Amino acid sequence: MATTSSKNMKGFYRQKKTTGGITKKATNTKWSAALSSNLTALISHASPDLKDDYDDKESVLREFDMNMAYGPCLGMSRQARWERANRLGLNPPKEIEGLLNGGKVQAGCLWDGRV
């Protein structure tokens, strides 16, 4: 086994010493501005189904979608998920059942068509 002296190690791993402490790299403001404007353009021209224009009912249903206490939501409708959770004794909120039976809400979960 070869031995390495501290002199060889110092040469291999050279330290760069600075005299001002930690320095910050300058941000490229031109790149940041371009990225910001491109993101704004993408959001404003997104298809209507991807925009997040929703009411209070949809907000409550999205919270239901995100709550993993009632099982996974992918691959099934919100109604089927609520019924499964009820059948398994997970006590899903009755408010959700009322919203789903009342109509005028999306049948698919928050992640439908996005994942």
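Here is a short conversation about helix H4 and its surroundings in a predicted model.

Visitor: Before we start, which residues count for local features?

Guide: Residues are numbered from 1 along each chain as its sequence is written, and side-chain values use heavy atoms, with hydrogens and water left out. Because this is a predicted model, side-chain atom pairs count only at pLDDT 80 or more, totals for chains, interfaces and linings use all residues, and local features need pLDDT of at least 70.

Visitor: Which residues of helix H4 are buried?

Guide: Helices are DSSP runs (H or I, at least four residues), numbered from the N terminus, and H4 spans residues 78–87. Buried means under 20% relative accessible area, exposed over 50%, and partly exposed in between, with a 1.4 Å probe and protein chains only. The buried residues of H4 are Arg 78, Arg 81, Trp 82, Arg 84 and Ala 85.

Visitor: Within what arc do these buried residues fall, seen down the axis of H4?

Guide: The arc is taken from the directions from the helix axis to the C-beta atoms. The buried residues of H4 line one face of the helix, because they fall within an arc of 165°.

Visitor: Which helices do the buried residues of H4 pack against?

Guide: Packing here rests on contact, meaning heavy atoms within 4.5 Å. The partners are helix H3 (56–66) and helix H5 (94–102).

Visitor: Which helix gives the most to the largest nonpolar core?

Guide: A nonpolar core is a set of buried Ala, Val, Leu, Ile, Met, Phe, Trp, Tyr and Cys residues joined through side-chain atoms within 4.5 Å. The largest has eight residues: Leu 61, Phe 64, Tyr 70, Trp 82, Ala 85, Ile 96, Leu 99 and Leu 100. H3, H4 and H5 each supply at least two of them. The top contributor, with three residues, is H5.

Visitor: Arg 84 is buried, so what is its nearest side chain of opposite charge, given that it has no salt bridge?

Guide: Lys and Arg count as positive and Asp and Glu as negative, while His and the chain ends are not counted. A salt bridge needs a side-chain nitrogen of Lys or Arg within 4 Å of a carboxyl oxygen of Asp or Glu. For Arg 84, the nearest side chain of opposite charge is 9.6 Å away, and it belongs to Asp 65.

Visitor: How far is the backbone oxygen of Pro 72 from a polar atom of the side chain of Arg 84?

Guide: Pro 72 is among the residues in contact with Arg 84, leaving aside neighbours within four places in sequence. From its backbone oxygen to a polar atom of the Arg 84 side chain, the distance is 2.9 Å.

Key: Helix = DSSP H or I, 4+ residues; strand = E, 2+ residues; numbered from the N terminus. Polar contact = N/O pair within 3.5 Å; in protein donor to acceptor, adjacent residues only side chain to side chain.
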